[in-house]
Amino acid sequence: MELTDRAVSASSIAKRRCFACGGPPSSGIGEHIIPKWLQKKFRLFDEQLTLLNGTSIPYRNLTVPCCIECNTGFLSRIESSVQAVLHRGSVLTNEDKLALARWLSKLLIGLLVKETGLLFDRSKPSLGTIVEPDFIDELRHSHFVMQSARKATSFRCLHSEFPFSLYSYRVSNYRKNHEFDLSTNIAGQSISIRIGGFGAIFINDGGLQMEVGPKGPFDLSGSDLSETQFREISARVHYKAALREATHFYLTVENEDSIQTEQLHVRSFSGCLPGSSELRIFRDWNQTELSYAMSAYMHVDRSILFDEETQTCRTTLFDQDGNLVAEPKPWPDDPGR
Ligand SMILES: [Zn+2]
């Protein structure tokens with residue numbers, strides 16, 4: 001707990017301390033957020049990730065300060081324990097879920113820490129960094145998940161076994177040389193990744209999205225999707241994540257051998273729904289907002305996605321009779337199709 005507190009403190013972030021423990025970083029280049037084995041496997045070294053300010057950075061330069069102990073210790077265990085899940089391409093047990101969630105927490109925390117270290121506009125340093133260092137404090141809950149690889153942790157949660165939402169998919173029909181897909185919603189604290197035929201989406205929300213949809217949009221978690229359909233599901237999950245209006249109170253107790261993390265209750269940022277005693281957990285779903293999210297995450301022009309007449313978004317997932325489409329028709333301007 002001490003290491004988490006130290007790592008998420010604004011001063012540790014500002015001073016470029018180890019992103020996982022807040023200690024002095026090693027003199028090397030630090031931890032690769034997208035691990036080198038993954039960059040090598042999919043030839044990602046020169047591929048670019050688009051950051052919040054719209055600029056891009058090659059995956060090979062996506063590193064965060066890290067100390068030798070974390071790098072060769074629990075972070076390397078996170079990398080090795082997720083291998084079986086990624087190779088098999090399915091999540092079978094609670095152990096698999098936790099292994100995958102730890103790995104995705106590590107990616108999400110790493111990306112945020114990276115963004116706190118980059119100036120929003122290099123020609124205007126006064127505008128500050130892309131993400132303010134204080135924001136990392138929000139990631140404390142994600143640290144609970146990541147740090148559980150360092151020390152045995154038991155979770156007692158209100159909505160499911162674990163304090164996060166996680167969906168996974170089998171993905172077929174992806175284009176050649178498009179084996180890898182990564183997207184995040186920093187406001188919603190969600191990350192979506194596809195490695196070949198396996199796609200997973202993690203939301204650092206204490207499990208709230210799974211509470212309203214245990215299998216995600218249209219109950220499709222665990223299903224076979226195409227590349228485009230996975231992008232659409234990711235866009236819908238990212239959008240829902242950004243609508244979250246609530247968080248959890250946690251009680252965390254630590255002794256020499258283990259940590260126990262318990263969710264005590266949900267706290268809504270905006271209180272109760274009008275005329276009711278029910279807490280507002282998500283803002284209302286809005287089709288126009290969704291169309292902008294889908295357009296951005298699917299790389300498709302919004303005019304193709306949004307039906308002005310009915311004011312609703314079109315979908316690649318179902319045909320007119322409501323049956324899941326196995327081979328969706330590509331969107332007309334989907335690049336590369
Ligand atoms: Zn460290």
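**Briefing: helix packing, sheets and loops**

The crossing of helix 9 and helix 10 is right-handed. The model described here is a predicted one. Beyond this helix pair, the points below cover an open sheet of five strands, an open sheet of three strands, the enclosed helix 7, and some exposed loop residues, including Ile29.

**Helix 9 against helix 10**

- Two packed helices are described by the angle between their axes and the distance between the axes.
- For helix 9 (residues 227–242) and helix 10 (residues 287–298), the packing angle is about 130° and the axes lie 9 Å apart, which makes helix 9 oblique to helix 10.
- On the helix 9 side the contact is formed by Arg231, Glu232, Ser234, Ala235, His238 and Tyr239, and these meet Glu289, Leu290, Ala293, Met294, Tyr297 and Met298 of helix 10.
- Sorted by class, the residues in this contact of helix 9 with helix 10 are seven nonpolar, two polar and three charged.

**The five-stranded sheet**

- The strands of this open sheet follow the order 7-8-9-6-10, and their pairing is mixed.
- Strand 7 and strand 10 (224–226) are the edge strands, and because each has a single partner strand, one side of each is left without a neighbour in the sheet.
- From one strand to the next in this sheet, the twist averages 25°.
- Strand 7 (residues 180–185) pairs with strand 8 (residues 190–195) in the antiparallel sense over six bridges, and within this pairing Ser183 has Ser192 of strand 8 as its bridge partner.
- The hairpin of strand 7 and strand 8 has four residues between the strands, and in this hairpin Gln189 takes a positive phi near 55°.
- Strand 8 also pairs in the antiparallel sense with strand 9 (residues 198–203), over six bridges, and here the bridge partner of Ser190 is Ile203 in strand 9.

**The three-stranded sheet**

- In this open sheet the strand order is 5-12-11, again with mixed pairing.
- Strand 5 (152–156) and strand 11 (246–254) stand at the edges with a single partner strand each, so one side of each has no neighbour in the sheet.
- The twist from one strand to the next averages 25° in this sheet.
- Strand 5 runs parallel to strand 12 (residues 258–268), and five bridges join the two; Arg156 has Glu262 of strand 12 as its bridge partner.

**The enclosed helix 7**

- Seven of the eight residues of helix 7 (residues 140–147) are buried, and therefore this helix is largely enclosed by the rest of the structure.
- The buried residues of helix 7 are His141, Ser142, His143, Phe144, Val145, Met146 and Gln147.

**Exposed residues in loops**

- Ile29 lies in the loop between helix 2 (10–14) and strand 1 (31–32), and Ile29 counts as exposed because it has 12 C-beta neighbours inside 10 Å, the cut-off for exposure being 12 or fewer.
- Although Ile29 and Val64 are 35 residues apart along the chain, their C-alpha atoms are separated by 7.7 Å.
- Asp219, in the loop between helix 8 (208–212) and strand 10, has a phi near 55°, which is a positive value in a residue other than glycine; with 10 other C-beta atoms within 10 Å, Asp219 is exposed.
- Gln311 is placed in the loop between strand 13 (306–307) and strand 14 (312–313), where its phi is near 55°, a positive value in a residue other than glycine, and Gln311 is exposed, with 11 other C-beta atoms within 10 Å.

Notes:
Residues numbered from 1 in each chain as written. Predicted model: local features only at pLDDT ≥ 70, side-chain atom pairs only at ≥ 80, totals over all residues. Pairing = 2+ DSSP bridges. Axes fitted to C-alpha atoms, helices over the stretch in contact; angles between N-to-C directions. Buried ≥ 20, exposed ≤ 12 C-beta atoms within 10 Å, placed from the backbone. Parallel < 35°, antiparallel > 145°, perpendicular 65-115°, else oblique. Left-handed = near helix turned anticlockwise from the far one by under 90°. Contact = placed C-beta atoms within 7 Å. Nonpolar A, V, L, I, M, F, W, Y, C, P; charged D, E, K, R; others polar.
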